[in-house]
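Q: Could you take me through the empty spaces inside this protein, one at a time? I'd like to know what lines them.

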Amino acid sequence: MTPAIPRHGILPGLALLCLVAACSPESTSPALTRAATRPDEIIEDMKVTETSAGSRSWTLHARRALVYNAQNRVEVEGVDVDFYDEGGKAYSHLTCNRGTLNQSTNDMVAEGRVDIRTTTGVHVESEVLRFWNGQQKITSDAFVRVTDAQGSVLSGVGFESDTKVEHYKIVKVDATLRQAGGKDL
């Protein structure tokens, strides 16, 4: 004979069971797990320079860096990056609120008010840009606005460029073009 369970006892019991299941480690979301992970190092005023064949390729300066060695990841805040040509001369400057640097590849995701200004007068703005170090390429799936030296504006979603922002494309385009005299076409 099975004991009778009062109806009012089932719902609180189920609610308690759901609460316990929701709090179990197996159901923790990746975002909560990542937030709960402590960095191996915290670095204030970090500066990293990558060189290739003895020449400086880029220099990253961050106000603060959180290093996660097991994940080969460095999360940076208050970021400035200078990119250099083969002769060691700076050709562009990137700023952003935060970023993530892959320690093994030196690929970077820049986020939050990303701004690139080149020495040729090109200005790139977005909320997210990815720098692919091995391919020397910049991409984004987010909205991007590119203003050239003459003031022509090309904006849209889906961006790909070389690191000098000399050759770039936007997949879904919205454009304002200007003649050399500053008049709209």
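A: Let's start with the terms. On a 1 Å grid over the protein atoms alone, a cavity is a set of points where a 1.4 Å probe fits but cannot get out, while a pocket is an open set with protein on both sides within 12 Å along at least five of seven lines; lining residues have an atom within 4 Å of a point. Grid points are joined across faces, edges and corners, and a volume is the space filled by probe spheres set on the points.

This is a predicted model, where local features need pLDDT of at least 70, side-chain atom pairs count only at pLDDT 80 or more, and totals for chains, interfaces and linings use all residues. Residues are numbered from 1 along each chain as its sequence is written, and side-chain values use heavy atoms, with hydrogens and water left out.

Searching the whole structure turns up two cavities of 30 Å³ or more. The largest one holds about 60 Å³. Around it sit Phe83, Leu94, Met108, Val109, Ala110, Ile116, Leu129, Arg130, Phe131 and Ile138. Two elements give two or more residues to that lining, strand S5 (108-118) and strand S6 (123-132); strands here are DSSP runs of E, at least two residues, numbered from the N terminus. S5 gives the most, with four residues. Sorted by class, you get nine nonpolar residues, no polar ones and one charged. For that sorting, Ala, Val, Leu, Ile, Met, Phe, Trp, Tyr, Cys and Pro count as nonpolar, Asp, Glu, Lys and Arg as charged, and the others, Gly among them, as polar.

Now for the second largest cavity, at about 30 Å³. Its lining is made of Trp58, Leu60, Val81, Phe83, Leu101, Met108 and Phe131. Strand S2 (55-68) and strand S3 (73-84) each bring at least two of those residues. By class, this lining has seven nonpolar residues, with no polar and no charged ones.

What about open space? The largest pocket has a volume of about 230 Å³. Its lining counts 16 residues, and Ser57, Tyr84, Asp85, Glu86 and Gln136 lie nearest the centre. Strand S1 (41-52), S2 and S3 are the elements that give two or more residues to this pocket's lining. S2 has the largest share, at four residues. The class split for the pocket is four nonpolar, six polar and six charged residues.
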